[in-house]
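Please read the following points with the model open beside you, taking them in order. Each point keeps to one part of the structure.

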Amino acid sequence: MFYREAGDFKTSYRDDGQTFPIRLDRWGYYAILAVAFLVVPFVIDSYWANAVLVPFLIYAIAAIGLNILTGYAGQVSLGTGGFMAVGAYAVYKLMTSFPGVPIVVHIVLAGAITAVVGVLFGLPSLRIKGFYLAVATLAAQFFLVWLFNKVPWFYNYSASGQINAPERTILGWAVTGPATTASAKYLICLVFAVVLAWVARNLTRGSVGRKWMAIRDMDIAAEIIGVNPLTAKLSAFAVSSFFVGIAGALLFSVYLGAAEASEAFGINKSFLVLFMIIIGGLGSIFGSFAGAAFLVLLPVLLKNVLVAQFGWPTDLAAHIELMIVGALIVFFLIVEPHGLARLWALTKEKLRLWPFPH
Amino acid sequence: MTMQEGYTTADGRQIGGVLMDLRNITLRFGGVTAIKDISFDIREGEIRAIIGPNGAGKSSMLNVISGFYVPQEGEIWFKGYRRGPMKPYEVARLGIARTFQNIALFDGMSVLDNIMTGRLNMMKAPIWSQALWWGRAEREEVENREQVEKIIDFLEIQNIRKTPVGRLPYGLKKRVELARALAAEPRILLLDEPMAGMNVEEKEDMCRFILDVNDEFGTTIALIEHDMGVVMDLSDRVVVMDYGRKIGDGTPDEVRSNPEVISAYLGVAHE
């Protein structure tokens, strides 16, 4: 009753293909964006930025990236952590080699470098599919992390083997380095997340997105209607790695500040992002955000409830938290195998009719 | 009839010259010869049927035409040029579209998106234009959508435009698959058993659509079908295959009275 599309007529194909075809949806998203840009930066403190919002935004970007590859183009990847490491080390090398260039350019370039690496490791996808491809991308994960630990050039021969983000500013505001304020960290991640989500939406609703989905749903039929599997698969790897690379660059430079490849970008990261898109919903931009929110926020929420409310010891709470998150993942997958995005879509479909059953 | 001139069909349609010419095609899988030295042509604007008992090599023939299989021997001439060995997507770009015996739609996408995939070869906007949804990408999207809507109207599937294909019943899926093939504006449309598994009404609908496609768009159609009533009614000329050989070629009436065709279908009396 309150959520409906009756009377909301489209008079052009341009209108019909827009991102939020339902007026109420559109207003809702605009409202969220307005709050995110105009209210949150003024009230955010460092706990909210570091524990909740910044990791949520960064993982949302990584999840969109993996979703393009796995959810839209159907190519399973376990190399996300490795590609994030490429983004992180690329932005580190760029920041230290060309200090005069704006940090935003470095981050985008780091994404582009990751895209090239992604295409290289995407080449096996032309011959193998499914689990076998997953294993091939696993090789990328281990090889890249090994490479960044083994070759001192990547970490500028520092004694600790770590990379540390030097301070860089945008319009006088520090966005990397120890002096960065919570709202600056939040805002730079928010801008990247919003712009990249919009780009992902545009790509997936247009012809390149249809090529990816055609390859995912039935590669033989895709080829017979004129989709070149080589360009379709490699473009998916390139775009996906671009997103993941930017997420890795932000994770290192803005969020962590210092990183060591096997610790920050291990196989755990690959699984974390994969779980995000499975729980959030494969083939959905909204699902990428929902999955990232679920896996970033839930542990924080549980910790707060268990420790602060119930007064449990922190070590016990930490173990219980892992068990509950794991159980919830299994529960969600049984109840709704298509993820939170499908759950949300079903809710909206119900709301369109509510309170009238027909 | 000569090679260059066409002929006039029984119902008065003018058929043009040779559009596709298959010369001495032989296709082997290891020791098995699926197609043995077959030649026939498909003329501009005609409805050409390929029939034969199960395992005769009909689908293999269609797969040769659409580029899935590359024959070991023989030549394929299309639009007056000899076609070298090609990938299926290159063949599609020449203007050859097809449907499949078992429906090959993209289940995760809506009907509209499925049909739009048929026009992917007409959409050439660079990726940055698509990423920003600005300029050429948006213009192409709208232009191609208009063409797709014409096909949606033509096949009377307006009401399922936004439905995911996975939810549709079998008969409608077949129709969507035809729509996707038509969206590519093909010179030759290959239909692999378009009537398989349909009830009488669905068959009648499909026959009407095939005739209308041929009539309104002037599309040349080559089809494989088992329903003899349908084949004899629809097609202008019929190729009959058996065990990979061609045993008959001609108008439906000629084929019907060909003794070799009759024996292939009904069996030969043993003394």
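1. In this predicted model, Met241(B) stands opposite Lys246(B), a residue of strand β12(B). Another pairing along these two strands is that of Val238(B), whose bridge partner in β12(B) is Gly250(B). Strand β11 (residues 237-242) of chain B and strand β12 (residues 245-250) of chain B run antiparallel and are joined by 5 bridges. The hairpin that they make has 2 residues between the strands, and there Tyr243(B) takes a positive phi near 50°.

2. Strand β11(B) also pairs with strand β5 (residues 47-51) of chain B, this time in the parallel sense and over 4 bridges. Within that pairing, Ile50(B) stands opposite Val239(B) of β11(B). Is strand β11 (residues 237-242) of chain B mostly covered or mostly exposed? It is mostly covered, since 5 of its 6 residues are buried. As general background, strands of a sheet pair through backbone hydrogen bonds, and they may do so either parallel or antiparallel.

3. Taken as a whole, the sheet in chain B is open and has 6 strands, which follow the order β8-β9-β10-β5-β11-β12, with mixed pairing. Its edges are formed by β8 (96-99) and β12 of chain B, each of which pairs on one side only. If direction is ignored, neighbouring strands of this sheet are turned by 15° against each other on average.

4. Helices of chain B lie against this sheet. Helix α1 (residues 58-65) of chain B packs on the sheet and touches β5, β8, β9 (188-192), β10 (220-224) and β11 of chain B, while its direction makes about 150° with that of β9(B). Helix α6 (residues 170-183) of chain B lies across β8 and β9 of chain B, and runs at about 175° to β8(B).

5. The largest nonpolar core has 178 residues, and those with the most contacts inside it are Ile58(A), Ile61(A), Ala88(A), Ile246(A) and Leu250(A). Helix α10 (residues 229-256) of chain A gives the largest share of this core, 16 residues. Domain 1 (1-95 + 186-271) and domain 2 (111-184) of chain B both give residues to this core, and therefore it lies between them. When neighbours within four places in sequence are left aside, the contacts of Ile246(A) are Ile61(A), Gly87(A), Ile107(A), Ala110(A), Gly111(A), Phe192(A) and Leu196(A).

6. In the contact between the two chains, 25 residues come from chain A and 32 residues from chain B. On the side of chain A that touches chain B, the elements giving two or more residues are α1 (13-16), α7, α8 (207-217) and α9 (219-224) of chain A, and α8(A) supplies the largest share, 8 residues. By type, the residues of this side of chain A divide into 12 nonpolar, 7 polar and 6 charged.

7. A last residue to look at is Thr181(A), which is found in the loop between β3 (173-176) and α7 (182-205) of chain A. Why does Thr181(A) count as partly exposed? Thr181(A) has 16 C-beta neighbours inside 10 Å, and so counts as partly exposed, because a residue is buried with 20 or more such neighbours and exposed with 12 or fewer. Although Thr181(A) and Ile224(A) are 43 residues apart along the chain, their C-alpha atoms are separated by 54 Å.

Definitions and conventions: Residues numbered from 1 in each chain as written. Chains lettered and ligands numbered in written order. Predicted model: local features only at pLDDT ≥ 70, side-chain atom pairs only at ≥ 80, totals over all residues. Core = buried A, V, L, I, M, F, W, Y, C linked by C-beta atoms within 7 Å. Domains from an automatic or database assignment. Contact = placed C-beta atoms within 7 Å. Pairing = 2+ DSSP bridges. Axes fitted to C-alpha atoms, helices over the stretch in contact; angles between N-to-C directions. Nonpolar A, V, L, I, M, F, W, Y, C, P; charged D, E, K, R; others polar.
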